Amino acid sequence: MELLSPAGNLEKLKSALHFGADAVYLAGKNYGLRSAADNFDADGLSGACALVHGAGKKVYVTLNILAHNSDFEGLADYIKYLDGIAVDGVIVSDLGIMTFVKKYAPSLNVHISTQASVTNKYAAKFYAEQGASRIVLARELSLPEIREIRDFIPPSVELEAFVHGAMCISYSGRCLMSDFMTGRHANHGECAQSCRWEYAVAEKIRGEYMPVEEDGRGTYIFNSKDMNMIEFLPELKAAGVHSLKIEGRIKSAYYVASVTNAYRRALDILEGGGKYVLPEAITDCLYKTSHRKFTTGFYFGEKDRQCYETAKPQCDYDFCGVVVANGEGGAVVEMRGRFARGDELEVLSPSAVDGAVLKVGDMTDEKGVPVSDAYRVQQHLFVKTDLKLEVGDMLRKKSSS
């Protein structure tokens with residue numbers, strides 16, 4: 001199965017590739033549903049494609065807004081440009097945009113977005129007949145329903161499913177809460193995540209304030225848990241899923257690295273044959289980056305998908321630095337979170353040093369001046385260590401808060 005990771009900017013793209021993604025999905029400055037991500041301008045898209053293809057991986061570009069008439073101005077030229085830089089596919093939810101893709105770049109692969117709400121085999125077959133090469137399934141499907149869809153459509157049409165990350169309260173992400181409450185249009189990529197706010201019920205006539213939970217604070221009744229399917233990859237494979245999608249284009253590069261690393265290692269175990277048993281280090285990795293309480297969504301039909309206590313993500317570890325160069329006796333680390341001599345930093349790496357502990361000893365700045373406390377943001381520091389760190393590896397430490 002393909003491991004598909006988010007790439008909201010170039011740093012996240014490099015992290016995804018370094019930690020084992022088979023493909024990435026990203027957006028240009030327009031037409032994507034994550035306008036809060038940095039995204040890529042035209043030159044950036046071209047460079048991203050070259051970088052991904054140079055690594056032997058694939059890149060998919062989102063064109064998944066629900067388009068209005070005005071959105072089609074300039075779209076034809078943009079589609080031709082994407083075709084010209086050889087992107088491996090475009091992700092589309094709108095039939096009008098799909099029509100433009102088929103007209104102006106007929107050889108370009110079309111992936112039907114989860115926003116299209118494909119929840120049944122007949123809809124899937126319709127999109128297949130219209131020339132879709134992949135369908136990103138609606139998140140509301142169970143595993144048996146996915147298997148039925150797989151058996152009903154041509155084998156050449158791939159199925160993609162979300163396996164990890166934030167869940168939307170609205171059906172297939174078709175939300176109007178943000179529009180009504182902030183004027184930010186969710187289906188144009190501007191979601192304010194109004195569903196994460198704290199809510200209560202007020203009685204209409206008397207105006208009495210009534211918390212939904214009996215704790216006097218209100219409740220986060222629309223706040224979804226995060227999806228986590230790492231322990232059930234064999235079930236997804238048996239259902240006929242081709243591509244495993246990680247949500248998170250507006251998450252950090254550290255998030256992309258942690259989650260991609262965990263799923264890459266899990267997939268390697270699955271593909272190695274034998275019993276699918278995950279070491280604790282792999283499942284624990286997903287708790288060491290920002291997350292809400294976890295759920296398996298709709299795959300097994302359970303009801304427990306909401307987090308009523310808080311909308312604030314939790315994280316037990318702090319991201320401290322990324323390796324930008326290695327050399328004799330140590331590595332150059334770009335500081336991302338404060339650390340000091342004597343701290344124990346855990347290594348995040350696709351190599352064998354993953355999970356190793358680096359106890360910070362001697363370190364110097366770019367001029368060779370000794371440093372005992374790394375507190376300057378993005379300062380480059382040479383940290384002495386016998387560990388064989390690679391460029392792109394990351395360092396983290398247990399949070400003190």
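**Pockets, a cavity and helix pairs**

Student: How do we know the class make-up of the lining of the second largest pocket?

Tutor: By class, that lining has six nonpolar, three polar and four charged residues. This is a predicted model, by the way. Among the residues nearest the pocket's centre, Glu-11 and Lys-14 count as charged because Glu and Lys belong to that class. Val-322 and Val-323 lie nearest the centre too, and Val counts as nonpolar. Gly-392 completes that group, and Gly is counted as polar.

Student: How many residues line the second largest pocket, and how much space lies in it?

Tutor: It is lined by 13 residues, and about 260 Å³ of space lies in it. The elements giving two or more residues to the lining are α1 (10–18) and β13 (317–327). With five residues, α1 gives the most.

Student: What makes an empty space a cavity, and how many of 30 Å³ or more are there?

Tutor: A cavity is a set of points where a 1.4 Å probe fits but cannot get out. Searching the whole structure turns up one cavity of 30 Å³ or more. The largest cavity holds about 30 Å³ of space.

Student: Which residues line the largest cavity, and how do they divide by class?

Tutor: Lining the largest cavity are Leu-137, Ala-138, Arg-139, Leu-141, Ile-146, Ala-161, Phe-162 and Tyr-299. They divide into seven nonpolar, no polar and one charged. Arg-139 is in the lining, and Arg counts as charged.

Student: Now the helices. Why is α3 called oblique to α4?

Tutor: Let's start with the angle: the axes of α3 (residues 75–84) and α4 (residues 95–104) cross at roughly 55° and come within 9 Å. Angles under 35 degrees would count as roughly parallel, and 65 to 115 as roughly perpendicular. The value for this pair fits neither range, which makes α3 oblique to α4. Their crossing is right-handed.

Student: Which residues make the contact between α3 and α4?

Tutor: Leu-75, Ala-76, Ile-79 and Lys-80 of α3 make it with Ile-97, Phe-100, Val-101 and Tyr-104 of α4. By class, the contact has seven nonpolar, no polar and one charged.

Student: Why are α1 and α2 described as roughly parallel to each other?

Tutor: Their axes cross at roughly 10° and come within 11 Å, with α2 covering residues 42–54. Angles under 35 degrees count as roughly parallel, and α1 and α2 are therefore roughly parallel to each other. In their contact, Leu-10, Leu-13, Lys-14 and Leu-17 of α1 meet Ala-48, Leu-51 and Val-52 of α2. That contact has six nonpolar, no polar and one charged residues.

Student: What is the angle between α5 and α6, and what handedness does their crossing have?

Tutor: Helix α5 (residues 121–129) packs with helix α6 (residues 143–152) at an angle of about 40°, their axes 9 Å apart. The crossing is right-handed.

Student: What makes three residues in the contact of α5 with α6 charged?

Tutor: Lys-121, Tyr-122, Ala-124 and Lys-125 in α5 meet Glu-148, Ile-149 and Phe-152 in α6. Lys and Glu count as charged, and the contact has four nonpolar, no polar and three charged residues.

Notes: Residues numbered from 1 in each chain as written. Predicted model: local features only at pLDDT ≥ 70, side-chain atom pairs only at ≥ 80, totals over all residues. Heavy atoms only, no water. 1 Å grid on protein atoms, 1.4 Å probe; cavity = no way out; pocket = protein on both sides within 12 Å on 5 of 7 lines; lining within 4 Å. Points joined across faces, edges and corners; volume = space filled by probe spheres on them. Helix = DSSP H or I, 4+ residues; strand = E, 2+ residues; numbered from the N terminus. Axes fitted to C-alpha atoms, helices over the stretch in contact; angles between N-to-C directions. Parallel < 35°, antiparallel > 145°, perpendicular 65-115°, else oblique. Left-handed = near helix turned anticlockwise from the far one by under 90°. Contact = heavy atoms within 4.5 Å.
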